[in-house]
Amino acid sequence: MTEPEPASGAQPSGAAHARPGADEAYQAPLARVDSGPRHDMETHAMSEPPEAGPASTTPTERPAPAAPQPPAPQPPPHAGSRPVAEPRQGAAPPAVPAAPEPCDTAEPQGPSGTQAAPGAPAPAGVGGAPVRAAHLDCTAGVAGDMLLAALVDAGADPRVVADAVAALDVPGLAVRTRPARRGGFACLRAHVERPSVPDHARRLPQVLALLAAARLAPDVARFARRVFELLAEAEARVHGTAPEQVHFHEVGAHDALADVVGCAAALADLGLLAAGAQVTCSALAAGSGHVDSAHGRLPVPVPAVLRIAARHGLALVAGELTGERTTPTGAALVAAVATPGPMAAMTVRAVGVGGGSRDTAEGPNITRVVLGEALDVPSAAVSGEVVVVESTVDDLDPRLWPSVLDALRAAGAWDCWTIGTVGRRGRPGRLVTALCAAEVRPAVTDVLLRHTTTLGVRWSVQRRTTLPRRVVTVAVGPPGREQYVPVKIADVPGGEVTVQPELADAERAARALGWPVRQVCAAAISNYLREPPARAVPRQPPGHT
């Protein structure tokens, strides 16, 4: 893990990555019920010394993108816990500001994101308020500071962000924003002001203790904790150790702490951490080349990004963009809040643009956030194509099959498995099968040829029909020790739903609570059925067309 920097020896790389286990036809649901009312120091992947020119004189000073709402009658009890106002609507769109000079002005300007006029009625969420929706456009890359700047540009209150970072109680740590331009696009840049005392590497328990000691709103603290846990899990897989033993080098440093906590506060302020909020994300730019790190020279995308993408179904796409475009912290933030897939149907209310540290020639170095209110569109089963890649192997050491399946998922397979076979002359073997998108078939084929003893690989394109699904987060455990488990909900024709906790998250919660995994799964299902959220994040199956 290292501070992102321009990559050298750029070579095209990257493949689409999607959630393992996506083809639910091969999994029995845990429950079926009738449906009722219902991380690294980020100054961006292409990092360089801070840009010349004075920054704003107050932390994150940006004017609000629309007419302000009346203040709440009492102050919030925690940093980052400002009550979410009704969506900014009903006011005339602000005038489009003049294009700012590239990062050399201290004059605050209007947001590059624009406010849309009120549109068609949105569906009612909790308490009758419209359901918040957002789409994260990461096709040019994403880093912690870029996402933070885009969220503030879309309308998050900069004072809420500043208060949350200040709640970490690290003297000298602050976040400031200033207008910039990237590839001709007006955007916002976020800059972390670091303490004069150098930071040190931390392990996961130290990072979590720092978050627990901060006076953060519960949803802000919970989200920040989840992001660092995702980073630790990915690094642990890369280095073959336990998450608690991972040394966060730059990831646990001041920059990432400010970026993660700032993003958590901004997401909460925009209503995107509330139950029922719909957040989707595009494919993430893979970048190319190499980057220097505390562990030596690493290929781009770096291993931690690949692990996060494989674990959470994030698509990575190669292109002409060079250097490290998606950082581990950026990938973890997206994985923690968004569902991979196309933009949900929404009435667009604002667009925020966050810029990276460099103005690259091959395209605008930006992350975009599209913010709005969800439209109530009936869901239906989705039909599409899937590539089936398989091979029959009869001479591989059986102990190696788990590593083969892991490599297939890391290469972008949505699901993979083996079945016992008996070949010619009675020799036992295994039929290995992987499901993937057409774009990553070469990478999946390469894994089978390199990681097994097979001499050939078969592949075919098949049609499939998948149920629409959504994910909600359910609390499990006694008060004060709650663990949060994502639960996948699928709509079945006829008005039923299936409820399936994410097993990896259930295993993590079981370790933290000291419970059997089956007890965590049963509690997650029971808690969901007892108090289902009013609305959840819709998920389309990876690779659907």
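**Exercise 1.** In this predicted model, decide whether leucine 513 is buried or exposed.

*Solution.* Start with the relative accessibility, which is 6% for leucine 513. Buried means under 20%, so leucine 513 counts as buried.

**Exercise 2.** Now look around that residue: which element holds leucine 513, and which residues does leucine 513 touch beyond four places away in sequence?

*Solution.* Leucine 513 belongs to helix H10, residues 503–513. Setting aside residues up to four places away in sequence, its contacts are Val476, Gly477, Pro478, Arg481 and Gln483. Take glycine 477 from that list: glycine 477 and leucine 513 are 36 residues apart along the chain, yet 7.0 Å separates their C-alpha atoms.

**Exercise 3.** Stay with H10 and describe how H10 packs against helix H11.

*Solution.* First, the geometry: H10 and H11 (residues 517–530) pack at an angle of about 115 degrees, and their axes are 8 Å apart. Angles of 65 to 115 degrees count as roughly perpendicular, and H10 and H11 are therefore roughly perpendicular to each other. Next, the handedness: H10 and H11 cross in a right-handed way. Finally, the residues: H10 contributes Leu503, Ala506, Glu507, Ala509 and Ala510, while H11 contributes Val517, Val520 and Cys521. By class, this contact has seven nonpolar, no polar and one charged residues.

**Exercise 4.** Over to the strands: which strands pair with S15 in the antiparallel sense, and how many residues of S15 are buried?

*Solution.* Strand S3 (residues 132–137) pairs with S15 over six bridges, with alanine 134 opposite leucine 371. Strand S14 (residues 346–355) pairs with S15 over nine bridges, with valine 351 opposite valine 370. As for S15 itself (residues 366–374), eight of its nine residues are buried.

Definitions and conventions
Residues numbered from 1 in each chain as written. Predicted model: local features only at pLDDT ≥ 70, side-chain atom pairs only at ≥ 80, totals over all residues. Heavy atoms only, no water. Helix = DSSP H or I, 4+ residues; strand = E, 2+ residues; numbered from the N terminus. Buried < 20%, exposed > 50% of the residue type's maximum accessible area, 1.4 Å probe, protein only. Contact = heavy atoms within 4.5 Å. Pairing = 2+ DSSP bridges. Axes fitted to C-alpha atoms, helices over the stretch in contact; angles between N-to-C directions. Parallel < 35°, antiparallel > 145°, perpendicular 65-115°, else oblique. Left-handed = near helix turned anticlockwise from the far one by under 90°. Nonpolar A, V, L, I, M, F, W, Y, C, P; charged D, E, K, R; others polar.
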